[in-house]
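Q: Please take a close look at one part of this model, the second largest pocket. Describe what lines the pocket, then set it in the context of the rest of the chain.

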Amino acid sequence: MKNYYQGKFSHPAAARETAHAGGPFCGGHVKKIEAIIKPFKLDEVKEALHEIGVSGITVLEAKGFGRQKGHTELYRGAEYVVDFLPKVKLEVIVPDAIAERTVEAIAGAAQTGRIGDGKIFVSTIDSALRIRTGEKDDDAI
């Protein structure tokens, strides 16, 4: 790879920008979609993703807060602040072609209309590799 870039770009950052813009090493146009949602919405989101053909999903238990800021609770007569609320973090890797539909499916299924519904982040994946077969990029997902 190093030889490819020699003489083609004035600076390594220019080479990276070209790669991320769909250049020769962009990884087959794959997106990573991360969503932070309320735990009780997980089944609905999973079903929505299944309906649009997303077959793989990673789910992590998480705690956090945003504008919601947490709340106070009473436990054995003592009041205490719950800063970090339970959340679920989903990670899905999809081809560019269905990334927008994936975001819409997650948002539609996770929305309650109340504060704390969560966030969705989309990023470009430079490459993907299926360890078992050696398949790369789109074929690996």
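A: Strand 5, residues 85-95, gives the most to the lining of the second largest pocket, with 3 residues. The model is predicted. The second largest pocket holds about 170 Å³ of space. Its lining consists of Gly53, Val54, Ser55, Gly56, Ile93, Val94, Pro95, Ile98, Asp138 and Ile141. By class, that lining has 6 nonpolar, 3 polar and 1 charged residues. Asp138 is in the lining, and Asp counts among the charged residues. Gly53, Ser55 and Gly56 also line this pocket; the polar class takes in Gly.

Strand 5 also carries Leu90. Leu90 is buried, because its relative accessible area is 0% and the cut-off for burial is under 20%. Its contacts beyond four places in sequence are Ile33, Glu34, Ala35, Ile37, Leu42, Val45, Ile57, Thr58 and Val59. Two of these partners, Thr58 and Val59, have numbers that fall within strand 2, residues 58-64. The C-alpha atoms of Leu90 and Ala62 are separated by 9.9 Å. Along the chain, Leu90 and Ala62 are 28 residues apart.

Helix 4 spans residues 96-110. Ile98, one of the lining residues of the second largest pocket, has a number inside that range. Ala99 lies in helix 4 too. Ala99 counts as buried, because its relative accessibility is 9% and the limit is under 20%. Leaving out neighbours within four places in sequence, Ala99 is in contact with Lys31, Ile33 and Val94. Val94 ties Ala99 to the pocket: Val94 is a lining residue and a contact of Ala99. Ile33 links two of the residues described here, since Ile33 is in contact with Leu90 and with Ala99. The C-alpha atoms of Ala99 and Val122 are 8.3 Å apart, for a gap of 23 residues along the chain.

Now helix 3. Leu49 has its place there. Leu49 is buried, because its relative accessible area is 2%, under the 20% limit. Outside a window of four places in sequence, Leu49 touches Val54, Ile57, Val92, Thr102 and Ile106. Val54 is again a lining residue of the second largest pocket. Ile57 is a contact of Leu49 and of Leu90. Between the C-alpha atoms of Leu49 and Arg101 there are 9.1 Å, although their positions lie 52 residues apart along the chain as a separation. Helix 3, residues 42-51, has the highest confidence in the protein, with a mean of 97.

The C-terminal part of the lining includes Asp138 and Ile141. Next to Asp138 in number is Asp137, in the segment after strand 6. What is notable about the backbone of Asp137? Its phi is positive, at about 50 degrees, and Asp137 is not a glycine. Most residues other than glycine have a negative phi. Asp137 is buried, because its relative accessible area is 19% and the cut-off is under 20%.

For comparison, consider the largest pocket. Its volume is about 290 Å³. There are 14 lining residues, and the closest to its centre are Gly66, Arg67, Gly116, Gly118 and Lys119. Strand 2 (58-64) and strand 6 (118-125) are the elements that give two or more residues to this lining. Strand 2 supplies the largest share, 3 residues. The lining of the largest pocket divides into 4 nonpolar, 5 polar and 5 charged residues.

Last, the whole chain. The protein has 4 helices and 6 strands. From the N terminus on, they run α-α-β-α-β-β-β-β-α-β. Buried residues make up 27% of the 141 residues. Of the contacts with a separation of 6 or more, 69% join residues 24 or more positions apart. The exposed area is about 9,800 Å², and carbon and sulfur atoms supply 52% of it.

Confidence needs care. The mean pLDDT is 80, and 74% of the residues score at least 70. Helix 1, residues 2-5, is lowest, at a mean of 39. Over residues 1-27, pLDDT stays under 50. The model has 23 contacts beyond four places in sequence for that stretch. Where pLDDT is low, the predicted coordinates should not be read in detail.

Technical notes
Residues numbered from 1 in each chain as written. Predicted model: local features only at pLDDT ≥ 70, side-chain atom pairs only at ≥ 80, totals over all residues. Heavy atoms only, no water. 1 Å grid on protein atoms, 1.4 Å probe; cavity = no way out; pocket = protein on both sides within 12 Å on 5 of 7 lines; lining within 4 Å. Points joined across faces, edges and corners; volume = space filled by probe spheres on them. Buried < 20%, exposed > 50% of the residue type's maximum accessible area, 1.4 Å probe, protein only. Contact = heavy atoms within 4.5 Å. Areas by Shrake-Rupley, 256 points an atom, 1.4 Å probe, with all protein chains shown as cover. pLDDT = per-residue confidence, 0-100.
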